[in-house]
Amino acid sequence: MDWKTGDVNGDGILDTVYLYGNVDGSPSIFADNITLVIRDGWSNKSTIVHFKNNAGYNARLFLGDFNKNHIPDIMVSIDTGGSGGYGIFYIYSFKNNNLTELFNFDKYNEEYKFQLNYADFYKVRVESHSPNRLFIIDISTKGPDYLSEYYDANGLLKKPIEGGVLALGAVYPIITTNKSYNFDLVALQRIIGPTNVDTLGYVENLLSWKGSQFHSNRLSVSIPF
């Protein structure tokens, strides 16, 4: 389904990383039993990695140094499809042929949870308890048809309205400093109103490796024009 070459174990010899899966059609079509295979360039031995979540679309690989040890790590991304637009994301280190998980989308989704409540005067509150953050989105430009469904003529809520912040939809590797070539991550979660088609914006989380795990450097909310 995808393959990349890079010295992922740090021995100075290029290794080959593959994604295999059961595919009915082209690799962009749905596949299951998606499996990571790392072939050591020196010994030609293979290490096989099975995922808890191993089915989806457009399975792909990215090699880059995330944990700042000057050895490329292995990022696996899989789209789940459907209206939610969720994604499956794993990152592994393979230094000295030892497999270590650096990022797991399930663990991320458990850690970064949000509450969304509509407020009076065409505002939406997006709250996070870990870390402790509050964002206010102005929805006054949504138009009278939309607003009149939830607000009276004085801008007061007719009744309590909740929305939500969905699980991870995208994770992008980026370089944020020219002083090094290690990668950070930008994690995106879609903010929705009472229905899934009502996109209000996105939670953007800039993650950097510190010590033994990724930490949030900047948590923000963006809104579409």
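This report describes the fold, core, pockets and selected residues of one predicted protein model.

Residues are numbered from 1 along each chain as its sequence is written, and side-chain values use heavy atoms, with hydrogens and water left out. In this predicted model, local features need pLDDT of at least 70 and side-chain atom pairs count only at pLDDT 80 or more, while totals for chains, interfaces and linings use all residues.

## Overall

The protein chain contains two helices and 15 strands; helices (H or I, at least four residues) and strands (E, at least two) are DSSP runs, numbered from the N terminus. Its C-alpha atoms fill a box of roughly 75 × 45 × 25 Å along the principal axes. Of the 225 residues in the protein chain, 43% are buried, where buried means under 20% relative accessible area, exposed over 50%, and partly exposed in between (1.4 Å probe, protein chains only). The chain exposes about 12,100 Å², with 51% supplied by carbon and sulfur atoms; these areas come from the Shrake-Rupley method with a 1.4 Å probe, and for residues only the protein chains shown count as cover. Among contacts with a separation of 6 or more, 44% join residues 24 or more positions apart, contact being heavy atoms within 4.5 Å.

## Core

The largest nonpolar core has 55 residues, and Leu36, Ile74, Phe103 and Tyr118 touch the most other members. Strand E7 (residues 86–93) gives the largest share of this core, five residues. Such a core is a set of buried Ala, Val, Leu, Ile, Met, Phe, Trp, Tyr and Cys residues joined through side-chain atoms within 4.5 Å. Leaving aside neighbours within four places in sequence, Phe103 is in contact with Phe89, Tyr90, Ile91, Tyr108, Leu168, Val171, Leu185, Leu207 and Phe214.

## Pockets

On a 1 Å grid over the protein atoms alone, a pocket is an open set of points where a 1.4 Å probe fits, with protein on both sides within 12 Å along at least five of seven lines; lining residues have an atom within 4 Å of a point. Grid points are joined across faces, edges and corners, and a volume is the space filled by probe spheres set on the points.

The largest pocket holds about 330 Å³ of space. Its lining has 15 residues, and Leu102, Phe103, Glu111, Gln213 and Phe214 lie nearest the centre. Strand E8 (100–104), helix H1 (105–111), strand E14 (199–210) and strand E15 (213–222) each give two or more residues to this lining. Phe103 thus appears both in the core and in the lining of this pocket.

The second largest pocket has a volume of about 150 Å³. Its lining consists of Ile137, Asp138, Ile139, Thr141, Lys142, Thr199, Leu200, Ile223 and Pro224. Strand E11 (132–138) and E14 each supply at least two of these residues.

The lining of the largest pocket divides into seven nonpolar, five polar and three charged residues, and that of the second largest into five nonpolar, two polar and two charged. Ala, Val, Leu, Ile, Met, Phe, Trp, Tyr, Cys and Pro count as nonpolar, Asp, Glu, Lys and Arg as charged, and the others, Gly among them, as polar.

## Buried residues

| Residue | Relative accessible area |
|---|---|
| Phe114 | 12% |
| Asn67 | 15% |
| Asp184 | 5% |

Phe114 is in strand E9 (residues 114–119). Its C-alpha atom is 6.0 Å from that of Val165, 51 residues apart along the chain. Not counting residues up to four places away in sequence, Phe114 touches Val126, Glu127, Ser128, Val165, Gln189, Val203 and Leu219.

Asn67 sits in the loop between strand E5 (57–64) and strand E6 (73–81). Beyond neighbours within four places in sequence, Asn67 is in contact with Asp73, Ser93, Leu102 and Trp209.

Asp184 belongs to strand E13 (residues 184–192). With neighbours within four places in sequence set aside, the contacts of Asp184 include Phe66, Tyr172, Leu206 and Trp209.

## Backbone

Most residues other than glycine have a negative phi, and most peptide bonds are trans. Ser130 and Pro131 are joined by a cis peptide bond, with omega about 0°; Pro131 lies in the loop between strand E10 (123–129) and E11. Asn33, in strand E3 (residues 31–39), has a positive phi near 50° and is partly exposed at 43% relative accessible area. Tyr122, in the loop between E9 and E10, has a positive phi near 60° and is partly exposed at 23%.
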